[in-house]
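Here is a colleague's note for someone coming to this model without prior acquaintance. Please read the points below alongside the sequence and the structure.

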Amino acid sequence: MNKTSIVAFAVASILASAAASAASSDGLEEIVVTATKREQTLQDVPVAVTVTSAQTIRQTAIRDVLDLQSVVPSLRVSQLQTSTQTNFIIRGFGNGANNPGIESSVGVFVDGVYRSRSASQIGDLVDVERIEVLRGPQSTLFGQNASAGVVSIVTRKPSFTPGGSLEASFGNYNSQVYRGYVTAPLNEKVAFSLSGNYNKRNGYFENLATGNAINDRNRYDLRGQLLANVSDSLTARLIVDYSSIDETCCGVSNLVNGPTGGVIAALGGKIYAGGYADRKGYFNSDPVNDVKNRGASLHLDWKSGALTVSSITALRGQSATFNYDSDFTSTDLLPTNINDQQIRTFTQELRASFDNGGKVSGVAGAYYFNESVAYDNTLGWGTSARAYASTLIVAKGGSPSTLPGLEAATGLPTGTFFKAGSGGTVNTNQDNKAYTLFGQLDWKLADKMTLTTGIAYTNSKKVVDLAQTNSDAFAQLNLVQIGFAQAFGALTGGKAATPANFAAYPAQAAMADKLSVTGCTAATGAACNSALALYELQFLTPVVPYTGGETNDGKATYTVRLAYDFSDNIKVYGGVSTGFKASSWNLSRDSKPLAPATGDRSPLGGYANPYYGRYGSRFANPEESTVMEVGFKGRWTHSALNIAVFNQEIKGFQSNIFTGTGFSLQNAGKQTTKGAEVEWMFAPTKNWEFNVATTFLDPNYDSFPNAQGPTGTVDLTGTKPAGIAATTASIGGAYRWEFGSYDAFVRGDYHYESNVQVVENITAGIASREVKTLNASAGVSRGGWDFMVFARNLNNDSYLISAFPPPAQAGSFSGYPSMPRTWGATIRKVF
């Protein structure tokens, strides 16, 4: 599959569809979107947006946003170590998973309410009317954290016509999904709706140590709505929702069993030697995922002539607890990794839009965001940790008495280092207050030409407090300072390492400083720091004292776009838009200061040396995006063709890479992506419907020094970012027909992603991904009854979602495998 063949196919098909338009009056349905916070048809809005309808969601058995990417090629959603730890990526840009201090660069909205964290975004899709995916920066209308794009989920409003549905699905892995929806008027001015969803399935990943199947499903969602026509000009809509996830997820496959694998085996542990497609592993406990989401929002719309004033007030809460075996082996090495997260969010949006059919129309408003995040993480050593460390020391040529000797030298009882139950704890809180003032105008310069100008100002203040403690005494050792004290004493005849002695013996202090950061080799002889041989065992590092801090970021963003209607069927547009994402804080247990300046290695500077400043920074500065885009939108009776060609750049992209013992949060200097998107829909008759959506991306790091690469810190400037496929395509077709009193359909969808290195710090030879999945469904309907059979990943394609170096196992690599084939049947009654 290549660019030329796909584009040629789309162009040829559109010519064929134009010819077919004259043969029949049946054609494509008109789609209404709110991408510009005003209702417009999909073809009228000069924005790159993909819409997925409720019918498509139902007939392709899309359960959640993870499944959505199979029909939206510019969107990628990756599930990582828990049920809700996900990354949203549009056009190759995005971040946010795994670190509670980082919001995604892709804003996710449900009925206009912002969902800031992935755990509040990934529940099952309940009562959905459509999903809009806006590609490229959207900060002018959607505020902060929309620098890469927006996913907008729109649910059905209550109806004054009574109705509803009941649905049950059954499938492999003992899958059971039950859904219900009811709507009716309470009186002539008030209507309600209630909807619910229960999703349960056995796991598809086998934990060989416990004998249990993990990566299961056990979740439910509830939603209630009231719609009131208060007066002829005022409507009110109240939405309340609650969701629960109680699952064991997620399984990790071994990719490379490195040098430490032999030590694991010597201690009686096991690492599965088969391929990741087997979906098997050894973990001495099953992972725990317990997530609760709740929220309420009040939507008010007041209309007076050409003016509409809208208000959305929302309160949301999230509680999440996770625990998993972090060494991903059956050895009791790191069995405890408890994450507890509490988030409370209040948002208020007030906007006014006007359109009297004249030369100027637009929207203006203000948005306020207030969120508190409390995050606690505890990492604990298991009963095998000390034996593991001691065995590694011996394997590297050291003495079995190394740890007892060091304990004695530091005045600690034997058995203190790597004691079972000891470890590290971090307690963090973040308060974020932000506001956005925005406005956008459409100017009709001529009968067929419209100029769109928009501007927004966003300010975001984050206040963070962070407390870290290590109960693992070995983690508190500064091996550089130990080596410095030993060298200084040897050079001065036993003098203590005190400031007064440094001043009295400056030459010796300088020499000791140099020796303290010199590892021992055959070439160095005794002129080195022998304690550094233990550095690789210091999986938890000394706490750098820090109480907290704050960032206060403000930025104006803008949109300028010119659109021209060649005819009622064809629109072209071009313009530039900018986006903004505020500073992100590293709230993980490995939040560290910036690396020291060259030459600043003195232990007098605390931990300012190259060994203890290795995790990036406390926070990453804001990222700013700019996209220049030209587009074509054509719609005829039987076909539609949308094309976007763009050059998008993000300055200061917030990179968040897992390094094996922590996250490296840092800004890339500049990342650009040149690309094109083609979306084509063709309905030659009332029976047939085809769609092709393709995305071509050419990404590049224009500047990214000191990035995390496969061998440590590297300069990625001039290289292609990992995880961004050059070609992504979704191709589908459906045939619908009638026989007797029955309506029937068959549908097939194919999703393709070209081969790409999965993550920056693991080579493509170990972790790469190519996706080729086929989904299919067929169904019949009669008298309000629907029956459907479906299969997702029908060809049982296996690929890596992500990969990482596991903690405390240098040279080993692990990854998250994709879901296997799933299939089932659904029966639905509409009344």
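**Notes on disulfides and strands**

1. Counting the bonded cysteines along the chain, the disulfides follow the pattern 1-2, 3-4, and the count comes to 2 disulfides. Please keep in mind throughout that this is a predicted model.

2. One disulfide is formed by C249 and C250, whose sulfur atoms lie 2.0 Å apart. The torsion about the S-S bond of C249 and C250 is about 85 degrees, so this disulfide is right-handed. As for their surroundings, C249 and C250 are both buried.

3. C520 and C528 also form a disulfide, with their sulfur atoms 1.9 Å apart, and the link of C520 and C528 is right-handed, with 90 degrees about the S-S bond. C520 is partly exposed because its relative accessible area is 40%, whereas C528 has a relative accessibility of 16% and therefore counts as buried, the cut-off for buried being under 20%.

4. Turning to the strands, β25 (residues 548-565) and β26 (residues 570-581) run antiparallel and are joined by 7 bridges. A hairpin through 4 residues connects β25 to β26, and R561 stands opposite G575 in β26.

5. Strand β26 is also joined to strand β29 (residues 623-635) by 12 bridges, and β26 and β29 run antiparallel. In this pairing, V572 stands opposite F632 in β29. As general background, side chains in a regular strand alternate between the two faces of the sheet.

How values were computed. Residues numbered from 1 in each chain as written. Predicted model: local features only at pLDDT ≥ 70, side-chain atom pairs only at ≥ 80, totals over all residues. Heavy atoms only, no water. Pairing = 2+ DSSP bridges. Helix = DSSP H or I, 4+ residues; strand = E, 2+ residues; numbered from the N terminus. Disulfide = S-S within 2.5 Å. Buried < 20%, exposed > 50% of the residue type's maximum accessible area, 1.4 Å probe, protein only.
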